[in-house]
Amino acid sequence: MGLFDFMHGKTKDVIAEEEIAVEESFIESAEKAALIVSQSVDDGDIADVSNKLRAYIGDYSGKNKYVFTAPSIGQWIILLLVGILFSIAFIGFLPIAAGTYYYSSTFKEYGAYGLLAIVAVVLFNIALCRKAIGEIRYSKRYDHYQNILKYRNIEIIDDLSNMIDARRELVVKDLKKAVKTKLIPQGHFGKDDLFFMVSDDAYAKYSSSRAAYDRYFRKVLEDRSRMKERTRETEELLEQGEEYIAKIRDCNDIIKDKEVSEKLDRMEKVVSAIFHEVDINPAQANKLGLFINYYLPTTEKLLESYIDIDDKQVKGKTLQKTQRDITQALDSINNAFESLLERFYEEQEIDVASDISAMEIIMKQEGL
């Protein structure tokens, strides 16, 4: 269910009723999921956390996933290392070639060829290294794009640009490359590259009402430009977000288990996505603040339990099993709260669809 699927065949009143229903479901579900984890930890019944969360949340997915995983950067890292090593090796021959050219009349010509060959090889390797560094940086930026786009059907380019702190032109170039190389095989841009759609279905619906969508997103950006300063509430929530993310990283530094570390990396991405949304959409700050206040305490309890066990010099079978249960529970918590975050974006998309539907009516009345 995506942004464009809400528009057709529904009145504004029906959309408003659905919006209220989704909002209640989102907040209540977050609270109940957090309660499941909290009570399980308090009762010492961590083993059943995964089953309880799965039974309650299910395998909810409000939209199809069109964003593909970025290609491995391993080959570019290897090329970068090879380029550096070859450059160093050939530079080592530079004094020999230079000495031959300047001090040997017999082999002066060979010295000149040697110098030219060394310069050519070094320049080639520099170009190769630059290409490899560019691809590695692109892959890291793509990881950020994917972290946002996997929840969304449509995203404003300026928001992606702000998120990764990169020039707008670079973001557009990156996404066009991702579409061309089939990383996002169904990706499309709106007018003037204002926003990006991740599916052919989204693009087809946009194509049927281009003027309304283009006008809506231009208005969003115009409204933001008039609100340059963050409110105190937004600033406080973002500061809280930085503290939460720091807590996750601190736990990640303490816990050496690779599997748990990967789960905490995934958790950090979810929390970062939430606070990015707070930054660009302060109207949702209270709702997202509630969500994160349910999210973090549940995971803190589990991580503290894991660290306490890890600190023990001798761990029996019971403690080892508890650690395995916590590791499994972290996966379930990530799944549950990612599903809830999808519901939040679904609610947001209902808002957008309602606004665009109203704008279409106004445009028709004005003869546009």
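Reader: With which residue does Arg 141 form a salt bridge?

Author: In this predicted model, side chains of opposite charge are worth looking at in pairs. Such side chains can pair when their charged atoms come close. For Arg 141, the closest N and O atoms of the salt bridge are 2.6 Å apart, and the partner that supplies the other side of the pair is Asp 174.

Reader: How many residues apart are Arg 141 and Asp 174, and which helices hold them?

Author: The pair links distant parts of the chain. Arg 141 belongs to helix 5 and Asp 174 to helix 7, and the distance between them along the chain is 33 residues.

Reader: Is Asp 174 buried or exposed?

Author: A residue is called buried when its relative accessible area is under 20%. Asp 174 has a relative accessible area of 4%, and because this value falls under the cut-off, Asp 174 is buried. Its partner Arg 141, with a relative accessible area of 17%, also counts as buried.

Reader: Which residue meets the side chain of Lys 177 in a salt bridge, and is that residue buried or exposed?

Author: The side chain of Lys 177, in helix 7 (residues 168-180), meets that of Glu 135 at 2.7 Å, taken from N to O. Glu 135 lies in helix 5, 42 residues apart from Lys 177. Lys 177 is partly exposed, with a relative accessible area of 28%, whereas Glu 135 has 12% relative accessibility and counts as buried.

Reader: Which helices are linked by the salt bridge between Glu 300 and Lys 247?

Author: The side chains of Glu 300 and Lys 247 meet at 3.6 Å, from N to O, and the two residues are 53 residues apart along the chain. Glu 300 is partly exposed at a relative accessible area of 24%, and Lys 247 is partly exposed at 36%. The helices that this pair links are helix 12 (residues 285-311) and helix 10.

Reader: Which residues do salt bridges that share partners join into one network?

Author: Some salt bridges have partners in common, and through these shared partners several residues become joined. The residues of this one network are Glu 259, Lys 263, Arg 266 and Asp 331.

Reader: Which helix gives the most to the lining of the second largest pocket?

Author: The second largest pocket holds about 550 Å³ of space, and among its 21 lining residues the closest to the centre are Met 163, Ile 245, Ser 272, Phe 275 and His 276. At least two residues of the lining come from each of helix 5 (108-149), helix 6 (157-164), helix 10 (232-254) and helix 11 (258-280). With eight residues, the helix that gives the most is helix 11.

Reader: How many residues of the lining of the second largest pocket are charged?

Author: The lining can be divided by the kind of residue, and in this division eight residues are nonpolar and six are polar. The number of charged residues in the lining is seven.

Reader: Which residues make the nonpolar surface patch of about 510 Å²?

Author: One member of the patch, Phe 107, lies in the loop between helix 4 (94-103) and helix 5. A residue needs over 30% relative accessible area to belong to a patch, and Phe 107, at 46% relative accessibility, counts as partly exposed. The residues that make the patch are Phe 107, Tyr 110, Tyr 113 and Leu 116.

Key:
Residues numbered from 1 in each chain as written. Predicted model: local features only at pLDDT ≥ 70, side-chain atom pairs only at ≥ 80, totals over all residues. Heavy atoms only, no water. 1 Å grid on protein atoms, 1.4 Å probe; cavity = no way out; pocket = protein on both sides within 12 Å on 5 of 7 lines; lining within 4 Å. Points joined across faces, edges and corners; volume = space filled by probe spheres on them. Helix = DSSP H or I, 4+ residues; strand = E, 2+ residues; numbered from the N terminus. Nonpolar A, V, L, I, M, F, W, Y, C, P; charged D, E, K, R; others polar. Patch = residues over 30% accessible without salt bridge, like charges linked within 9 Å, V, L, I, M, F, W, Y side chains within 5 Å. Areas by Shrake-Rupley, 256 points an atom, 1.4 Å probe, with all protein chains shown as cover. Salt bridge = Lys/Arg side-chain N within 4 Å of Asp/Glu carboxyl O. Buried < 20%, exposed > 50% of the residue type's maximum accessible area, 1.4 Å probe, protein only.
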